[in-house]
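Open the model in your viewer and keep the selection tool handy. We will go from stop to stop, and at each one I will tell you what to pick and what is there.

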Amino acid sequence: LKPLQLEVSSPALKASRCNTAAEKMQQRMEKLGRSLLAPMKSSRKTPRDDEMVLNAAPHAIPKGKEGATCPITGLTTNGQHSADAAPAYFEAVAELDADPDIASERLRKDRLASQPVPPAREVCRMKPAEQIPLQLVPLNVIDRTHCASRETRRLVREIGGLPTLRRFTTIFYKKAFADPHIDKFIASHDDPHGERFAMWIAEKFGDGTPWSDERATRKKTYLKIYGRKEQVSFDRSSAHVAAWFSPKREPHKVGQKFQLDDSRVWMRLHFWAAREAGLFEPQYAAFMDYYMRFIGHFVRVYTSAAPPFTRDSVRWSANPANIEKYVAAGNLMTDVIGVSQHEALAALPMEERVSSWPYGA
C-alpha cells in the first residue's frame with residue numbers, strides 16, 4: 001500500500017492552494033447565484049420524482065397573501081423556494097466550500113483524477129490486544145486542515161482498517177434511521193451511507209483513497225433548490241446541502257443549516273455506535289483518543305458551537321440509564337432537542353466549556 005502523500009511541508013504552498021480553491025468556488029457560487037435569480041421557465045409541467053419538489057404550504061395562507069413569500073422559510077405558496085431566500089443559501093454553501101478540510105478534499109480529488117486507481121486492499125483482522133501498546137497521537141491539524149500521517153494510518157489499521165470502520169458506521173446509520181430527529185436529514189435509506197462514511201474515515205486517516213475512488217463512480221443525485229434541479233451528495237459540501245433540503249424535514253425548516261442540538265444528537269448516536277462496535281475496549285484506546293478529537297475537529301463544520309460537546313456526547317452512551325430514557329421517549333433526546341447553547345454549556349464541566357481541546361489538552 002503506497003503511503004499517502006499530503007504536501008504539508010510548506011504551509012505557504014498549502015495556503016495558496018486552499019485560497020485558489022476558495023476563489024474558484026466563490027466565482028462558481030456567484031455564477032450559480034445569477035442563474036438561479038434570473039427568470040426561468042420549464043418545458044415540463046410535471047416535475048420528475050428525482051427533483052424532490054416540496055408542494056405543501058406548512059400553514060393556512062391569509063387572504064390577500066396568495067403568492068407571497070414566507071418570511072421564515074423563503075417558500076412561496078406553491079412550495080417553491082423564493083429567490084429572496086437564495087442569498088442566505090449561497091452564503092451557507094460558500095462557508096462550507098471555504099472550510100479548509102473541504103477545500104483540501106477538492107484539491108485531492110483533482111489530483112487523483114489524473115492518476116490510475118490502484119487495486120483495493122483491506123486490513124481484515126484486528127490485531128491481538130497485546131500487540132498494540134498504548135501510544136497516543138496528537139491531533140494532526142495543520143493550517144486548520146486535518147492531515148493524515150504515518151501515525152494515523154497505523155491507528156486505523158490497528159483496529160482492523162476498513163472492515164472494522166464499515167461495521168461501526170453501519171451500526172451508526174441503523175441508529176440514525178431509527179432516530180426521528182436525525183432521520184429527517186436523510187432523504188433516502190437506499191444510499192450506501194455507512195459504506196461511504198467508513199471509506200471517508202479510512203481515507204482521512206491515510207489508509208488509501210477509497211472515498212475519492214468511490215466518488216468518481218457515484219450515481220448522481222438531484223434535488224430541486226430555488227427552482228433549479230441541482231446535483232447533490234457528490235462531495236461533503238453538497239451532502240450537507242442535501243441534508244438541509246431533505247424533503248423529510250418540517251416545511252419551515254427545509255433549507256436551514258445544522259443547529260447545535262442536531263449536532264449533539266448526531267454525536268451521541270455516533271459514539272454509541274462506536275461503543276457497540278467494540279471500539280471503546282481498552283486495547284483500542286489510542287485510536288479512540290484520536291478519533292474523539294478527530295470528530296471534535298470536523299463537527300465544527302456543522303456548527304462552530306458543537307466541538308465543546310464532543311466529550312459529553314461520548315459519556316452519554318456509557319450510562320445505560322441514558323439509553324433507557326432515550327428509547328422510552330421514542331428514540332428522542334428530549335434533554336438536547338431545543339436546548340439553547342447557553343443552557344447546554346452551563347451543564348458541561350467547567351474545564352470543557354472553554355479550552356483548547358481538541359487541539360490541546
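Start by selecting residues 221–225 and 228–232: these are strand 3 and strand 4, which run antiparallel and are joined by 5 bridges. Strands here are DSSP runs of E with at least two residues, helices are runs of H or I with at least four residues, and both are numbered from the N terminus. Two strands pair if DSSP finds at least two bridges between them. Now pick Ile225, whose bridge partner in strand 4 is Arg228. The two strands form a hairpin with 2 residues between them, and Tyr226 in that turn has a positive phi of about 50 degrees.

A word on what you are looking at: this is a predicted model, in which local features need pLDDT of at least 70, side-chain atom pairs count only at pLDDT 80 or more, and totals for chains, interfaces and linings use all residues. Residues are numbered from 1 along each chain as its sequence is written, and side-chain values use heavy atoms, with hydrogens and water left out.

Zoom out for a moment. The protein has 15 helices and 4 strands. Of its 361 residues, 47% count as buried, where buried means under 20% relative accessible area, exposed over 50%, and partly exposed in between (1.4 Å probe, protein chains only). If you turn on the surface, the accessible area comes to about 18700 Å², of which 54% belongs to carbon and sulfur atoms; areas come from the Shrake-Rupley method with a 1.4 Å probe, and for residues only the protein chains shown count as cover. Among contacts with a separation of 6 or more, 73% are between residues 24 or more positions apart; a contact means heavy atoms within 4.5 Å.

Next, select helix 11, residues 285–298. This helix has 14 residues and reaches 20 Å from its first C-alpha to its last, close to the 20 Å expected at 1.5 Å a residue; the expected span is 1.5 Å times one less than the number of residues. How many of the residues of helix 11 are buried? The count is 13 of 14, so helix 11 is mostly covered.

Stay here and show the side chains of Phe287, Tyr291 and Phe294, the residues with the most contacts inside the largest nonpolar core, which has 74 residues. Such a core is a set of buried Ala, Val, Leu, Ile, Met, Phe, Trp, Tyr and Cys residues joined through side-chain atoms within 4.5 Å. In soluble globular proteins, nonpolar side chains tend to be buried together. Leaving aside neighbours within four places in sequence, Phe294 is in contact with Leu139, His146, Trp200, Lys204 and Phe205.

From Tyr291, move across to His270 in helix 10 (residues 260–276). Is His270 buried or exposed? At 0% relative accessibility, His270 counts as buried. Not counting residues up to four places away in sequence, His270 touches Phe168, Phe172, Phe197, Tyr291 and Ile295.

Now find Gly206, in the loop between helix 7 (193–204) and helix 8 (210–215). Gly206 counts as buried at 1% relative accessibility. Draw a distance from its C-alpha to that of Ser149: the two are 57 residues apart along the chain and separated by 6.3 Å.

The last stops are salt bridges, of which the whole structure has 13. The term means a side-chain nitrogen of Lys or Arg within 4 Å of a carboxyl oxygen of Asp or Glu. Select Arg166 and Glu195, whose closest N and O atoms are 2.6 Å apart. This pair links distant parts of the chain, with Arg166 in helix 5 (residues 161–178) and Glu195 in helix 7, 29 residues apart. Arg166 is partly exposed at 24% relative accessibility, and Glu195 is partly exposed at 27%.

Finish at Arg315, which forms a salt bridge with Glu352, the closest N and O atoms being 2.7 Å apart. Arg315 lies in helix 12 and Glu352 in helix 15 (residues 350–353), so the pair ties together parts that are 37 residues apart in sequence. Arg315 also meets Asp312 in a salt bridge (3.7 Å, N to O); both lie in helix 12 (residues 310–316), 3 residues apart, about one turn of the helix. Arg315 is partly exposed at 37%, whereas Asp312 is buried at 17% and Glu352 is buried at 7%. Add Arg264 to the selection and you have the network of salt bridges that links Arg264, Asp312, Arg315 and Glu352.
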